[in-house]
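Grab a pencil and work through these exercises with the model open beside you. Each task comes with a solution in small steps.

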Amino acid sequence: MKIAKLLILALLLSMLAFGQQGCKREKAPEVGTQGIVISSIPAAPPAEVSKGQQCPIYVFLENKGSYDVKAGEAKIFLEGLAPELFSLTKTDLAKQNAAELKKANRDAGIVGGRERIIFTDKAKYIGQNVGYTQPLIYKSCYVYETTVRADVCMALQSSAVCALEGDKLKGAAIGDAPMQITSINEERSGQNVLIKFKIENKGTGNVYLPTVNCEKPEAFLQDSVLVDIQTEEPLDCKPTLSEEKSGEGRVNSIVVCKRNMQNVAERLSPITLNLRYTYVETTRTALNVTE
């Protein structure tokens, strides 16, 4: 009898375990939030330099996002120090990528383009003060794009054809980038279906319109991106965008587009949302100056 009870208990436990596994929810797809990443190079410069000692200053630029960056579209600046104290000229302080930085593909295990940026091979401290820590700031400023491809429900109510409810990002193709569209939702408004999507900065830097001056970014261009919507549907996105399907979008805002569905057959329709912007990030390190 005891053996029979133990067998029944074991069977129940195994069924429970199977049920728990069967009820596991699928995780939302991981989305990368990086674009062009700066990384310092060991010994360039070294952690410590003495007065009169020459040293190189290099960094790596690596594309970790889903957009190809053309030659010259990524600029990088060396800041935080008085250039004349380190025998640097103005041209030593500002560089750009010489080659195209190809996009990465995390799912396929493909790394993005990488390039070594040489500020100088012969920085040399010629100041009088020694025994202090000199901050070095690398500022990157690059043009980037974020693309999301999704299916939206063109209907006034949910049916077997498609559903208005739910975030349409589920199952969407989402590019890795610092700027993200973090939700796509729909609802009915009279004879229109409304499509709402939110723009957010998920990276560690600041975003500007593509026309920004990278050397001195204008504050009035900050927290805005260019939005372009590609779809065969006759959407009207005014007044949140300046045109029917394009214009400036603000960070942390919700762009609303409407589609008049009067006498229109309900259907599932593809839509591509594209954001274009300039992204500015800083990376900090330090250099100890000795005798």
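**Exercise 1: the small sheet**

Three strands make up an open sheet in the order β9-β10-β14, with antiparallel pairing. At its edges are β9 (179–189) and β14, each of which pairs on one side only.

Before going on, a word on the ground rules. This is a predicted model, where local features need pLDDT of at least 70, side-chain atom pairs count only at pLDDT 80 or more, and totals for chains, interfaces and linings use all residues. Residues are numbered from 1 along each chain as its sequence is written, and side-chain values use heavy atoms, with hydrogens and water left out.

Task: Find how many bridges link β10 and β14, and which residues stand opposite each other.

Solution:
- Step 1. Strands are DSSP runs of E with at least two residues, numbered from the N terminus, and two of them pair if DSSP finds at least two bridges between them.
- Step 2. Strand β10 (residues 192–201) pairs with β14 over 7 bridges, in the antiparallel sense.
- Step 3. Look across to β14: K198 stands opposite I254, and K196 stands opposite V256.
- Step 4. Now check the faces of β14 (residues 254–260): V255, C257 and R259 are on the covered one, while I254, V256, K258 and N260 are on the uncovered one.

**Exercise 2: strand β7**

Task: Work out which strands pair with β7, and whether Y138 is buried or exposed.

Solution:
- Step 1. With β15 (residues 267–290), β7 forms 23 antiparallel bridges; I137 has R284 as its bridge partner there.
- Step 2. β4 (residues 74–79) is joined to β7 by 6 bridges, again antiparallel, and A74 is partnered by Y142.
- Step 3. β8 (residues 173–174) adds 2 antiparallel bridges to β7, with R149 partnered by A173.
- Step 4. Y138 belongs to β7 and is buried (under 20% relative accessible area), at 1%.
- Step 5. Of the 23 residues of β7, 17 are buried, so the strand is largely enclosed by the rest of the structure.
- Step 6. Y138 and T282 are 144 residues apart along the chain, yet their C-alpha atoms are separated by 5.5 Å.

**Exercise 3: the largest pocket**

Task: Say which strand gives the most residues to the lining of the largest pocket.

Solution:
- Step 1. The lining of the largest pocket has 21 residues, and S66, A104, I174, G175 and D176 lie nearest the centre. A pocket here is an open set of points on a 1 Å grid over the protein atoms alone, where a 1.4 Å probe fits, with protein on both sides within 12 Å along at least five of seven lines; lining residues have an atom within 4 Å of a point.
- Step 2. Strand β7 (residues 132–154) gives the most, with 4 residues.

How values were computed:
Buried means under 20% relative accessible area, exposed over 50%, partly exposed in between (1.4 Å probe, protein chains only).
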